[in-house]
Each structure stands twice: as structure tokens, then as C-alpha cells.
Amino acid sequence: MRRKPILPSSSSSTRALFLLLNSKRFFSFTASASASEPVLDDLPSQLLSILSQPNWQRHPSLKPLIPSISPSHVSSLFSLNHHLPPQTALAFFNWIALKPNFIHTVHSHSSLLTLLLPNPSFLSVAEKIRISMIKSSTSPPDALFVLHHLRYLNKTHFKLTLRSYNFLLMSLSKFSLFDDLKTVYMEMLEDKVSPNLHTFNTMVNAYCKLGNLAEAEMYFSKIGQAGLRPDTFSYTSLILGHCRNKDVDSAYRVFRVMPQKECRRNEVSYTNLIHGLCEADRIGEAFKLFSQMGEDDCQPTVRTFTVLICAFCRLGKKSEAMKLFREMREKGCEPNVHTYTVLIDSMCKENKLGEARKLLNEMLEKRLVPTVVTYNALIDGYCKEGAVEAAIDIKALMESNKCCPNARTYNELIFGFCKRKDVNQAMALLTKMLDLKLSPSVITYNSLIHGQCKAGDFDCAYRLLSLMKDSGLVPDQWTYSVFIDSLCKSGRLEEAHALFDSLKEKGVKSNEVTFTALIDGYCKVGKINDAHSLFDRMLTEGCEPNTCTYNTLVDGLCKEGKLQDAILLVEKMLSTGLTHAPHTYSILIKHMLKEGDFGHAHRLFNQMVCSGSQPDVFIYTSFIHAYCSIGDIEEAEKLMVKMSEEGIRADSLTYTLLINTYGRMGLLDSAFGVLKRMFDACCDPSHYTYSFLIKHLLRSKTNDNIVRLDLASNFIDIADVWKTMDYQNALDLFEKMVEHGCAPNGNTYEKLIIGLCKEGRLEVAQRLYVHMGDRRISPSQDIYHSLINCCCQLQVYGEAANLLDTMIEDGYLPTLESSKLLVCGLFSEDNIEKAKAVFCSLLRCGYNFDEVAWKVLHDGLLKRGLVNRCSELITIMEQMGCKLHPQTYSVLIEGIDGT
């Protein structure tokens, strides 16, 4: 992946990740401050000296100090200098509070109170400072500090007033400190301070937010007992409480009784009830209530609109959500950060990433500050679509806007890299997480384990499982499902079943994903009876099969030629309440077409459409494949038109089938015409697309007339294309592509070079590599990997090392698999210094050091018996400050001792 400078508008920003992973964590400081810089440690003393002077506000030394003064300095000034006149302290406290970006903390307030209280003339001011201190709490620890400090002062004749108690109760409620809240209320009564309506409302609201209606209603009853009348706030809190308790009907009853109690309903009353109705999926009632707000002279607030927009998005009614979004702006109610975040998240879930990005840009233009949740929604959307570069762009943008990524940000990026099999980058992000003191979760490790399994590296996956347990995390159903599914896909069925059987003793219950993975494994090797036995066991253990489970068995039955049994199983699936998925139809249609039963396949297709299910690209491709296999290109092209009319984009396989059919018919120009359509549709041709084109080009040069008549001819097998083609064949392909208006691009060179390298055709591949450079087309990461791997297979290690250096200089990160082959190869031919140099360059690339040790040292050097070389590289890692997990050291030591 290419690394380029980060720009918010850039479409490729992987360099952001490279810089992110390689950022220096060391900072240099000057040995002594210059004359113009304040010595921060001595700042309180300097302030005391200045404040001792008359007209201290105009003192020439004060202005340079202002940017450096923090609340902790003010606190130290007041705490350490009890002889500072209280009037001076108060004046300075108020003066510094007016300076830009300065905000007093609970501690600076506390220190000032200590100075003011000994002087009785400042008691009224002290009361104001006390209230200000309570309101300055920004966290639970702050609130508790204030509570303990005020309790202490309450015992020293600075008694808490009703107003102070009320503010203190509000603070404790704000930070959900409910035990302390109740204790302070009791202390208030013990102090003979009579609660007022504000006190009771605070208590009612606190317990309503918690959903504890019993406590809330107890305090509500005390309002009447105290001879007071509940007000709008009292009833609105009860509405909130009932909604939090998921009792919307009771909330509605409170709402209806308010006018009878001569209590006006306000915007919050409406919004709380609308929110409760939305949470209960009673969106129609919520919208009706929204429409009635004007009857009480209430106007919807930004929260009212946002609650409804959120509900519409959650229920998949995005058009209604957008209509409401436009309406709120027309009515002069500006959307806030939460409104935009809800819409951005919804659009990302619907893969409408372009629209989501436009909304983010709109937010920034309005100077709204997106939260980490806003950015994460986009990062998650891009990663799920495989657009990791765009996700890295968003991460760079959020950091430039002073918004720090959290663990979820990294989890989403790790998932994105693992999805596209770039597990080395994902592991590097794990290192960054740990550097930032962000705790990896089970989700983090599950993604990484999945990434290693997809890459076929089960040893590293098991090592990650061990690290996961060592960090105190407990593997869950999904962890083992990944292992079982990947082992089955790799043909290690016995190992997968053994792991499956061990789950019970591990305290993990098998879920539908685990069962389905194993059932699929048995189906793929034709053991349909074993698959059925597992299906029956699944039902016995109370694990409900899902559509995917049924589809797996249906596919297995079809592959065994048991189409009628498959149809019966589909009927059984429908009887359980599950519905047809497009994939179910796709499986059946595919196998019907394979048997040549076009009539049955078309009837099933029509049944699917009538049932309201939308055929997807896979179903259309099955039909196109079937028509192409019998040479009926006209019907295949009609289906292409129908797909386009239905808004379904053909994929690479669909186009490739057409290209091959035209080629088999000897219609080479038509085949290249389809390639042009691919380019126009921004659909990247695959390895197979170019294989067929080259194959038919070679055939056309051999016997053009015979080719036109022989549809079944297989003059050159696809597997042999890369073994037989030469450099001139590639140039002929390029010429033909240019002739048809689809000039070769980076993807063209990539597919050709990879195909050639797989067959060891290094010379032709290198000539193409040079040719693309001459055309100023930059090689991709995969091109470099293929060339390096091919060089290593042919033992041309010097050339591989040069390519790796060029790759890194060009802004790409080599895979550790390629690096392992190269380092081991260089050592094997005694090119010691070059091997060490390559290894050192890898350590500077930002990889996860444990993964480097696992793959290069253990799986590379130790498995080849190069024990001394492994020890030398461990020493290099230590010298370069690369810290390994203790388990990794243990694995290496065991490997060294056992070799």
C-alpha cells in the first residue's frame, strides 16, 4: 500500500499509518530556559512577589507569565501562602478567570476558600465561591473531592445552605453518584435544612434517570407532604423514569394527567415521551405526538428532531429521516453534532459513504466539532467496504482536529486491514494501541486471529490466543468459531472437530456460527451424512440453525446431486419461520442450471421476484454462466442489460465469462469490447480475465478460422498461459487494449506480473516491471511482494534485497512472509551483513515486534536450524529497544534449546 502525505482530501493516505507507527516517542528539551521563558516550577513564588506589589495587574513581569499559569499554580499560590491578603487573592482569582483558555478547577476554588474563611467579612463571597466550586466539577473524582471538602468545612462553622445543598445534590446526580446523593440528602435533614421543591425535583430526576421508579415516586410523594406542588420538571422527570423503565404506557398516563394538575407540558415533556415511544418502536405514535406539540405552544428542539431522526434511521427509514433533517433546518432549528452523527452512522451502515463524508464536511464547515463517535462511524464504514486508505484519511483528519482515537477506532482499522489480508499492518496497530495505553479487547484479538487464519498462519493465530489469555481476556464463541471455520477451509477437518469437541470443557457453548462452520467443512469434503449428524446435534443442544446453516446444508446436498432433498430442506427452513435469502435461491438456481434445467431455474427466479426478494449479482451470474457454457451469448447479453436496468452492477466474474465466451467463438474484438465495458464500469479485471484474453490472443495467432467453429476447444489451458506467454505476448495484449480504448493500468501490470511470478517466470515479470516504470505507472505493493517471493524461490536473493529496499523507499511495507524468505535466504548463502541490514530495516518499519519474532526468527530461522543467526537477530532487537512479550521470549528460547 502506497504511503503519501496526509491531506484531508487525499484518496490514498496509507503513509499516515506508516508515520503513525513510526512516530518518535522521545522529545528533547533545552538544558535551561531562556531569559524570556518563565521557570514553571517557581511560578507560584513569582506570582506571590508580583501580587505583593501595588497595582499588580500592571506589573511588567505578569503579562509574560499569563500563558503559563495553570489552575494548579493558582492552587499552589493560595495553599502555600496563607499570609496573602484575601482581597488580593480574590481579585487575582477573578482576574485570571477572565483570561482566554483559563478555567478554574475544584482545587483552585478550594484553596481560595481556605484563604477567605478565616475572615468573617468574606463569608458572603465564600458562599458564592462554594457554589462556583460545586459547579466546576467535571468528573466523578471532582464531585467527590468537593463533597469531602464541603463536609469538612461544614463541621468548622461554614455550614452548607439550602442553595449549596441543592447544587451539591445536582452535581452528585450528574455524575451518577447515587449512594452519595442519598447520604447527602440525609445529612441535609440532620442539619435541619428543609428541602424545597428544587431539592425534591433533583432527587426525583436522579432516580428517574436510573429507572428506579420506586425511589423516584417516594421523593415525588414528599413534595405533597411538604405542602408543595409538583411542577413541570417533577412530572417530566416521571415521564423520563417510566420510559427508562420501558413502561411507555405509564409515561403516557403521566403526560396526560399534567394539564389536569394545572401543570404545563413543555418541550422536554414531549421529547422524553417521544423518545420512549421511539425506543419501543412505536414510531407512528411518536410522530403523531411530535405533530401535536404546537397545541401546547411547544416547538420541537434539536433533541426532539434528533430522537425521531435516530428512530427512523434505526428502522431503515432513511428517506423519512432526511425529510425531517431538512424540515428542522427550514424551521430554523440547526442540527447539532449528535444529529449529524446519527445520520452519518446510518449512511455508513447502508454503504452510502460518499453521502456520509459530505455530511462530515458540512459539519466542519459549520464549525461543529465531530466527536470520536462521528469519526468512528465513517472509519467503520470504510473498513467494512475494504477502503482502508480512506479510513486512515479520516483518522488523520480527526487527529488534526484534536480528537483522539479510542480503542474502537483501532479495532475498526484492525478489522479493515485483516479483512483484506494485510495482517502485518493490523498487528502494527496492536502495537500502537499498547503504546497509547489503549486496552485491546476480545474484539481486537478476534479480528487479529481471524486475520492470521485467513493468511493461513495458524501458528501465529494460536500464539495470539495465548497472548489474549495472558492479558486476562477470555476467548469467546467467536474466537473459536474463527479457528474452526478457518481450519475447515484449510482442509484440517479433524483438528477443527477436536477443537469443537473441546469447547464444553473450556466453558464455551457452541453457537450457530460454530456449528455452521463445521457443517460446511464436512459438506465441502462430501461427508454429507456427518454434516446431517451435526445438524441434528445442533437441534438437540437447543442451538437454532439460521439461514446460513440451512444454506450450507442445501449447498452440500446439491453438490451430491440430491436436489430434491435440498428443496425439502428449504421447505423445512421456511416452516421454522426463516425466510428465503437471495443466497438460498442462488444455490438452487446454480445447481439447476448446472444440470441444464433452465425451465426450473427460471420458474424459481420468477418465484423469487414475486416473493419480493431482489435477485443479486450472483444469481444473474449463474444464468450468464449457464448461457455462456452453451454458447448462447445473446441471452447472456440480455441478462447483462436486465442487470443494469435493475441497478445491479456486474462483477469481475460476470464480465470474464462474457470475455471467455466471445474468445471461444473467435470474436476477439467483442471480447476486448467487454473489457472496455469493464473499465468504463470501474470494475477491475481479475487474474482470470487477463488469462482468458492472453489465451485467446495466442489461439487467434495459431488458427483463427478453426477457432471460430470450435466452441469447446481448449488449445491452451488457463494454468498454462503463464508458463507459455512471453514478453511480446504481453505487448500484443497492451496493443489490443489500447486499440479498444482501455489502455493498460496498474491493475493490468499487477495481474500479469503476479501470474508470471507464480510460475517462476521472473525474467518476463521483471521486463514488465521495467515497462510499467517507463510508462510512469507505480508498482503496487502486491507487485513487489510477487517479485520478491519469486526471486527468493529462484534463490536470487541479492535481487530480492534490492527490490525490498526499493519497495520501502517507494513507500510500501513488505510482508513478513516475504521478509522471512529473504532473511533466511541471505543467511543460507552466507550474506550475513545484508541479512542483518534487511532485518534492521524491517524493525524500523513499525511492525509488531512479537510478530516479527514469530515469523522471521521462529518460523524462519529456527525451523531451518539457523540457531546462531536467530540469537544474533534477537540481540539486534534488544539493542534497538524492541521489547518482546515474555511468552514470545519463551517460544524463542524453547525453539533454540530444541534445535
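This is a walk through a predicted model, from its salt bridges to its cavities, one of its helices and a few loop residues.

Let us begin with the charged contacts. Across the whole structure, a search turns up 41 salt bridges. One of them pairs Lys-863 with Asp-459, whose side chains meet at 3.2 Å, N to O. Lys-863 sits in the loop between helix H48 (849–861) and helix H49 (867–879), while Asp-459 belongs to helix H26 (residues 458–470), so this contact ties together parts that are 404 residues apart in sequence. If you look at the surroundings of the two partners, Lys-863 is exposed, with a relative accessible area of 51%. Asp-459, at 38% relative accessibility, counts as partly exposed.

Stay with helix H26 for a moment and find Arg-463. The side chain of Arg-463 forms a salt bridge with that of Asp-859, at 2.8 Å from N to O. Here Arg-463 lies in helix H26 and Asp-859 in helix H48, so the pair ties together parts that are 396 residues apart in sequence. Are these two residues buried or exposed? Both Arg-463 and Asp-859 are buried.

Another salt bridge joins Glu-750 to Lys-751, with 3.4 Å between the closest N and O atoms. Glu-750 and Lys-751 are both buried. Elsewhere, salt bridges with shared partners link Arg-329, Glu-334, Glu-362 and Lys-366 into one network.

Now let us turn to the enclosed spaces. How many cavities of 30 Å³ or more does the count give? The count comes to two. The largest cavity holds about 40 Å³ of space. Its lining is made up of Asp-422, Asn-424, Gln-425, Gln-781, His-785, Leu-813, Pro-814, Thr-815 and Tyr-847. Two or more of the lining residues come from each of helix H24 (423–435) and helix H44 (781–793). By character, the lining of the largest cavity divides into three nonpolar residues, five polar and one charged.

The second largest cavity also has about 40 Å³ of space. You will find Asp-520, Cys-523, Lys-524, Thr-552, Asp-555, Gly-556 and Lys-559 around the second largest cavity. Helix H29 (512–524) and helix H31 (547–559) each supply at least two residues of this lining. Which of the elements gives the most to the lining of the second largest cavity? That is H31, with four residues. The lining of the second largest cavity contains one nonpolar residue, two polar and four charged.

Helix H10 (residues 178–190) rewards a look of its own. At 1.5 Å a residue, the 13 residues of H10 should span 18 Å, and the end C-alpha atoms are 19 Å apart, which agrees. The buried residues of H10 are Phe-178, Leu-181, Val-184, Tyr-185 and Met-188. They cover an arc of only 115° around the axis, which puts them on the same side of H10. The background is simple: an α-helix has 3.6 residues a turn, so residues three or four places apart point the same way. Turn to the other side of H10 and you meet Asp-179 and Glu-190, which are exposed.

Finally, the loops. Pro-615 is in the loop between helix H34 (598–610) and helix H35 (617–629). With a relative accessibility of 4%, Pro-615 counts as buried, because it is under the 20% cut-off. Measuring from C-alpha to C-alpha, Pro-615 and Ala-581 are 9.5 Å apart in space, with their positions 34 residues apart in sequence.

Two further loop residues deserve attention for their backbone angles. Most residues other than glycine have a negative phi. Against that background, Asp-297 has a positive phi, near 55°. Asp-297 is in the loop between helix H16 (283–291) and helix H17 (302–314), and it is exposed, with a relative accessible area of 63%. Gln-795 likewise has a positive phi, near 60°. Gln-795 falls in the loop between H44 and helix H45 (797–809). With a relative accessible area of 58%, Gln-795 is exposed. H44 is one of the helices you met at the lining of the largest cavity.

Note on methods: Residues are numbered from 1 along each chain as its sequence is written. This is a predicted model: local features need pLDDT of at least 70, side-chain atom pairs count only at pLDDT 80 or more; totals for chains, interfaces and linings use all residues. Side-chain values use heavy atoms; hydrogens and water are left out. A salt bridge is a side-chain nitrogen of Lys or Arg within 4 Å of a carboxyl oxygen of Asp or Glu. Buried means under 20% relative accessible area, exposed over 50%, partly exposed in between (1.4 Å probe, protein chains only). On a 1 Å grid over the protein atoms alone, a cavity is a set of points where a 1.4 Å probe fits but cannot get out, and a pocket is an open set with protein on both sides within 12 Å along at least five of seven lines; lining residues have an atom within 4 Å of a point. Grid points are joined across faces, edges and corners, and a volume is the space filled by probe spheres set on the points. Ala, Val, Leu, Ile, Met, Phe, Trp, Tyr, Cys and Pro count as nonpolar, Asp, Glu, Lys and Arg as charged, and the others, Gly among them, as polar. The expected span of a helix is 1.5 Å times one less than its number of residues. The arc is that of the directions from the helix axis to the C-beta atoms.
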